[in-house]
Amino acid sequence: MASNESMLWTSPVSFFKESNESSPLLGVTTMNPLMAMIVTTTVPHVTEDHPYIRFAREIYVWLVPFMIAVLLVAILGNGIIVISAPYLVTPVNPYLKMCVSLAAADMWAASLLIAGLIGNSYMPVVMRVKKSSECVSAVLEIFRIGGMLTSDLHIFALAMNQFIGIMWPLKYKMMITTRRIRLLIFLLWIVPVLFLFAWFVALENDGLRHPKCVFMFYSKLPFRLTIFLFFIIPLLATYALYAIILSTLLKVKAKCDINGSIRRTGHNTYRTRVQSKLKLVWTTLLILGTFTLSWGVCVLYFTLVCVDGCLFIYRQSVSFHLGFFLNSSVNFLVMIKLAINPCIYAFRIRHIRKSIFSLFRAVCCRRAAASPYRPSISLTASTHAGFAAIQVTGYAFAEDPRRANHENSQDDFLFDFDSVPSKPRRDNSVALRHIAMNGNSEDLSLLSGLRRKKREMKAQQERV
């Protein structure tokens, strides 16, 4: 349904155009023979009611609105994920930031697909609107393919983030900083677009350098093979990274199952964290699987079938009706994937689900008019292997929708697997408010530094 050989995105409209290049279907030397079939009568055997046009029009009348409805659901779902981002528990970790950016990329891709369906399929085929040039379609194609590559790179970035947290937990905070994450997300969005733009301006008298922006290179193997490599290399690398991550986590889980001391009350947190990380990995793998079955199939078909140099040639290896069916099927898979991704985020990622509920509460005005300031602070001191650590497990207003979560899932994958205890040990983690100082139990979580200093000075004077 793209305006110019866009088998990657749409269905039979591109088939008409590409078939004319290899073996002219209508005897018209134009890059858009479908439009010629509709609006021109300069060639004697071209009729306004060509059988292929009638077939496509009868299908497009109901198929295009149905696809647009699915894409609107995808825009709504991903839009809710993006809008609810301010309600995420702070501080927001890199994994959640990239998930929100991926949802924005899916929303952008769905919007561009709607624009392509209306401008390149419904209007020229059903409404018989003739386009004077392909410049708008060329720009649209740059952003649409760029959006697909952006999603691919986002999933690879998610895998890298989890891989670094697993393999180098002590260096994670130094390597994955807020500034670097922002720069990374910017590059994930801009690099694919620049890459596509370079293709559209590289060849003389082709693409955006053509007087009517006709991009003939699009239907040939070099361009399609380049897109395939740009897509498949990060995808295969992502699968390799998750194979290593899963192998590592499953080994640690096996240690936890064998070691009975892990199940003690004082050390059960470690086992819970391992299970939490496994759940997060399975969630990302679910996103990766749906991405492969939708965009992966679409790109594979895009590479295998074209009019010049591909394994299968239009109108020679693939008939019109088969091409119509395959194009519609692969595009529908992409649209379904864009629509179900928000469900995966909401049902599998707890922080995103809570942010959505907080957004709905804010919109429906169901939050309390004024929340009393009741700080909920729990500081814990623990020692292990000669190291001391202080953990803050909660600090917020009582009704703050962004209140800190008591489950340790914000700093994903930040723990040392080698620290699994091999033998029972006593629980030496106690709340700071129960630490005895000079025989008195002091609540350090509520005392200011100045008050503590005064009390220490007073205790020293009493001892003297």
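The following paragraphs lead through the helices, the nonpolar core, selected buried residues and the unusual backbone geometry of this predicted model.

A record provides a first orientation. The unreviewed UniProt entry lists residues 59-83, 95-118, 183-203, 223-245, 280-304 and 324-347 under "transmembrane region". Two of these segments may be set beside the computed coordinates. Residues 223-245 are 100% helix and 0% strand, and the C-alpha atoms at the two ends lie 34 Å apart. The segment 280-304 is likewise 100% helix and 0% strand, with 35 Å between its end C-alpha atoms.

Helix H3 merits separate attention. This helix covers residues 51-83, a run of 33 residues. From the first C-alpha to the last, H3 reaches 46 Å, which is close to the 48 Å expected at 1.5 Å a residue. H3 nevertheless contains a kink of about 45°, and the kink is centred on tyrosine 60.

The discussion now turns to packing. The largest nonpolar core has 92 residues, and those that touch the most other members are Phe200, Phe223 and Ile352. Two or more residues are given to this core by each of H3, H4, H5 (135-167), H7 (178-202), H8 (221-258), H9 (268-304), H10 (320-348) and H11 (350-363). H4 supplies the largest share, namely 14 residues. What does phenylalanine 223 contact, leaving aside its neighbours within four places in sequence? The partners are Ile145, Leu196, Trp199, Phe217, Tyr218 and Phe302.

Polar residues also occupy buried positions. Asparagine 120 is found in helix H4, which spans residues 94-126. Because its relative accessible area is 4%, under the 20% limit, asparagine 120 is classed as buried. The side chain of asparagine 120 has two polar contacts to describe here. One is made with the side chain of lysine 131, at 3.1 Å. Another, also of 3.1 Å, joins the side chain of asparagine 120 to that of serine 137.

Threonine 150 belongs to helix H5. With a relative accessibility of 3%, threonine 150 therefore counts as buried. When residues up to four places away in sequence are not counted, threonine 150 touches Ala105, Leu188, Trp189 and Pro192.

The loops hold several backbone features that deserve inspection. Most peptide bonds are trans, and most residues other than glycine have a negative phi. Against that background, the bond between threonine 90 and proline 91 is a cis peptide bond, with omega about 0°. Proline 91 is located in the loop between H3 and H4.

Positive phi values occur in the loop between H7 and H8. Asparagine 205 lies in this loop, and its phi is near 60° although the residue is not glycine. Cysteine 213 is also found in the loop between H7 and H8, and phi of cysteine 213 is likewise positive, near 60°. Are these two residues buried or exposed, in whole or in part? Asparagine 205 has a relative accessible area of 44% and is therefore partly exposed. Cysteine 213, by contrast, counts as buried because its relative accessibility is 5%.

Terms used:
Residues numbered from 1 in each chain as written. Predicted model: local features only at pLDDT ≥ 70, side-chain atom pairs only at ≥ 80, totals over all residues. Heavy atoms only, no water. Helix = DSSP H or I, 4+ residues; strand = E, 2+ residues; numbered from the N terminus. Buried < 20%, exposed > 50% of the residue type's maximum accessible area, 1.4 Å probe, protein only. Polar contact = N/O pair within 3.5 Å; in protein donor to acceptor, adjacent residues only side chain to side chain. UniProt positions renumbered as here; feature names shortened; annotations may be inferred. Expected span 1.5 Å × (residues − 1). Bend = angle between axes of the 7 residues up to and from the residue. Core = buried A, V, L, I, M, F, W, Y, C linked by side-chain atoms within 4.5 Å. Contact = heavy atoms within 4.5 Å.
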